[in-house]
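This briefing goes through one protein chain and its bound ligand, topic by topic. Please keep the structure open while reading.

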Amino acid sequence: MNVMSNDPYTTADGRRIGGVLMEMKNITLRFGGVVAIKDISFDIREGEIRAIIGPNGAGKSSMLNVMSGFYTPTEGEVWFEGCPRPQMRPYQVARQGIARTFQNIALFQGMSTLDNIMTGRITRMNSNLLNQALWWGKAEAEETVHREAVEKIIDFLEIQHIRKTPVGRLPYGLQKRVELGRALAAEPRILLLDEPMAGMNVEEKEDMCRFILDVNDEFGTTIALIEHDMGVVMDLSDRVVVMDYGKKIGDGTPDEVRSNPEVIDAYLGVSHD
Ligand SMILES: Nc1ncnc2c1ncn2[C@@H]1O[C@H](COP(=O)(O)OP(=O)(O)O)[C@@H](O)[C@H]1O
Ligand SMILES: [Mg+2]
C-alpha cells in the first residue's frame, strides 16, 4: 500500500480512504509585505484525517482560511472534487460542504447550546424569512427536520445535559465541543478544525480526540485539522503537512514526517522527543 499514490486504500483500523477530494495548488497568500503562505501544494483525500502542523506564525490558520474561502489566495488555486473552485464567498464554500471551527471560540455566548448548534443548519435552510412569514406550514416542517438533526448531534456529542445552558457559562472544553457540534450541523463533507484541542486539559483532549475519530468513522467526514500536540497528531492523522515560515517543509504519514530531518530541525526537535 502506498498512501502517497491516489489509489483508494483501507487503513490499518479499517477505514476506507478514497481519491482526492480537495487540492491546494501552489497557494501563495500575502498580507501587504507579509508572505503568510509561499507556494504550497497538497491534497486531501476523501475520508482522510489530514493534519497541518508547524510553529506559531507558520501560516496554518491562514491556510485553513484559504480552504474555507475566508481568504482568497494571492496566487494558486483551490480544487474541490476535481474542479478549480472559482472565487467564492465563505457561505458559498459552506454550501459546497465545507465547515469549520475557529482557533478562538466563535459562539454566541448568550445563546443556548441547542440554539448555537442550530445556527450551523443555516446553510441547509431553504425557507427564507419571507417564506416563513407567508408559509408557516412549510417553515414549520423544515424547522422540525432541523431540530431533529440538531438533537442527533447533541446525543452524538453527549451534551444533552447542557442543551439549554447559555454557552458563555460552560467550561472551555465543552464550548469547544459545542463549536464542533455547530460545524457538524452543516453536515459537511470536509470539516476544518483550527486547534480543536488547544487550551484543554488532558481529559478534555481525550474526549475531543475520540469525537473527531468518531465523526470521521461514523459519518465518513473528511477532516483537516491544525494541532500543536504532536502526540495527538501522531495518533489521529493519516497524513501530515508540516509548515514553517509559510513554506511546506514536510508531507507524509506521521512516521515519515517524524523522521524528516528538516521537520525535526524546524519543529519537532524544539520541544518533542
Ligand atoms: N489578517 C492578517 N493580516 C496580516 N497578517 C496576517 C494576517 N493573518 C495572519 N497574518 C500573518 O501571517 C503569518 C501566519 O499567521 P497564521 O496563519 O495565523 O499562523 P499560524 O496559524 O501557523 O500560527 C503571521 O506572520 C501573521 O502575523
Ligand atoms: Mg493559528
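The expected span of a helix is 1.5 Å times one less than its number of residues. The model discussed here is predicted, and that rule is applied below to one of its helices, α6. The chain has 273 residues, of which 38% are buried. Ten helices and twelve strands make up its secondary structure. Among contacts in the chain with a separation of 6 or more, 68% join residues 24 or more positions apart.

**Helix α6**

- Helix α6 covers residues 172–185, and at 1.5 Å a residue its 14 residues should span 20 Å.
- The end C-alpha atoms of α6 are 20 Å apart, which agrees with the expected span.
- Ten of the 14 residues of α6 are buried, so by the 20-neighbour cut-off the helix is mostly covered.
- The buried residues of α6 include the charged side chains Lys 176, Arg 177, Glu 179 and Arg 182.
- Val 178, Leu 180, Gly 181, Ala 183, Leu 184 and Ala 185 are also among the buried residues of α6.
- After α6 comes Glu 187, which has a positive phi near 50 degrees.

**Shell around ligand 1**

- Which residues surround ligand 1? They are Phe 31, Val 34, Ala 36, Gly 54, Asn 56, Gly 57, Ala 58, Gly 59, Lys 60, Ser 61 and Ser 62.
- Two elements, β4 (34–45) and α1 (60–67), each give two or more residues to this shell.
- Helix α1 provides the largest share, three residues.
- Sorted by class, the shell holds six polar, four nonpolar and one charged residues.

**Four-stranded sheet**

- Strands β4, β3, β6 and β7 form an open sheet in the order β4-β3-β6-β7, with antiparallel pairing.
- Its edge strands, β4 and β7 (83–84), each pair on one side only.
- Helix α1 packs on this sheet and touches β3, β4 and β6. The direction of α1 makes about 60 degrees with that of β4.
- Five bridges join strand β3 (residues 20–31) to strand β6 (residues 75–80) in the antiparallel sense.
- Across this pair, Glu 23 stands opposite Trp 79 in β6.

**Six-stranded sheet**

- A second open sheet has six strands in the order β8-β9-β10-β5-β11-β12, and its pairing is mixed.
- The edges are β8 (98–101) and β12 (247–252), each of which pairs on one side only.
- From one strand to the next, the twist averages 15 degrees.
- Strand β8 pairs with strand β9 (residues 190–194) in the parallel sense over four bridges, and Ala 99 stands opposite Leu 191 in β9.
- Helix α6 packs on the sheet, where it touches β8 and β9. Its direction makes about 170 degrees with that of β8.
- In β8, Ile 98 and Arg 100 point one way, while Ala 99 and Thr 101 point the other way. All of these β8 residues are buried.
- At the opposite end of the strand order, β11 (residues 239–244) and β12 pair in the antiparallel sense over five bridges.
- Met 243 stands opposite Lys 248 in β12.
- The hairpin of β11 and β12 has two residues between the strands, and there Tyr 245 takes a positive phi near 45 degrees.

**Positive phi outside glycine**

- Asn 26, a residue of strand β3, has a positive phi near 50 degrees although it is not glycine.
- Is Asn 26 buried or exposed? Asn 26 is exposed, because 12 other C-beta atoms lie within 10 Å and the cut-off for exposed is 12 or fewer.
- Glu 81 sits in the loop between β6 and β7, and its phi is likewise positive, near 50 degrees.
- Glu 81 counts as partly exposed because it has 14 C-beta neighbours inside 10 Å, a count between the cut-offs for exposed and buried.

**His 161**

- His 161 lies in the loop between α5 (136–156) and α6.
- With 10 other C-beta atoms within 10 Å, His 161 is exposed.
- Thr 113 is 48 residues from His 161 along the chain, and the C-alpha atoms of the two are separated by 9.9 Å.

Conventions:
Residues are numbered from 1 along each chain as its sequence is written. Chains are lettered from A and ligands numbered from 1 in the order in which they are written. This is a predicted model: local features need pLDDT of at least 70, side-chain atom pairs count only at pLDDT 80 or more; totals for chains, interfaces and linings use all residues. A residue is near a molecule or strand if its C-beta atom, placed from the backbone, lies within 6 Å of it. Two strands pair if DSSP finds at least two bridges between them. Two residues are in contact if their C-beta atoms, placed from the backbone, lie within 7 Å. Axes are lines fitted to C-alpha atoms, for helices over the stretch in contact, and angles run from 0 to 180 degrees between N-to-C directions.
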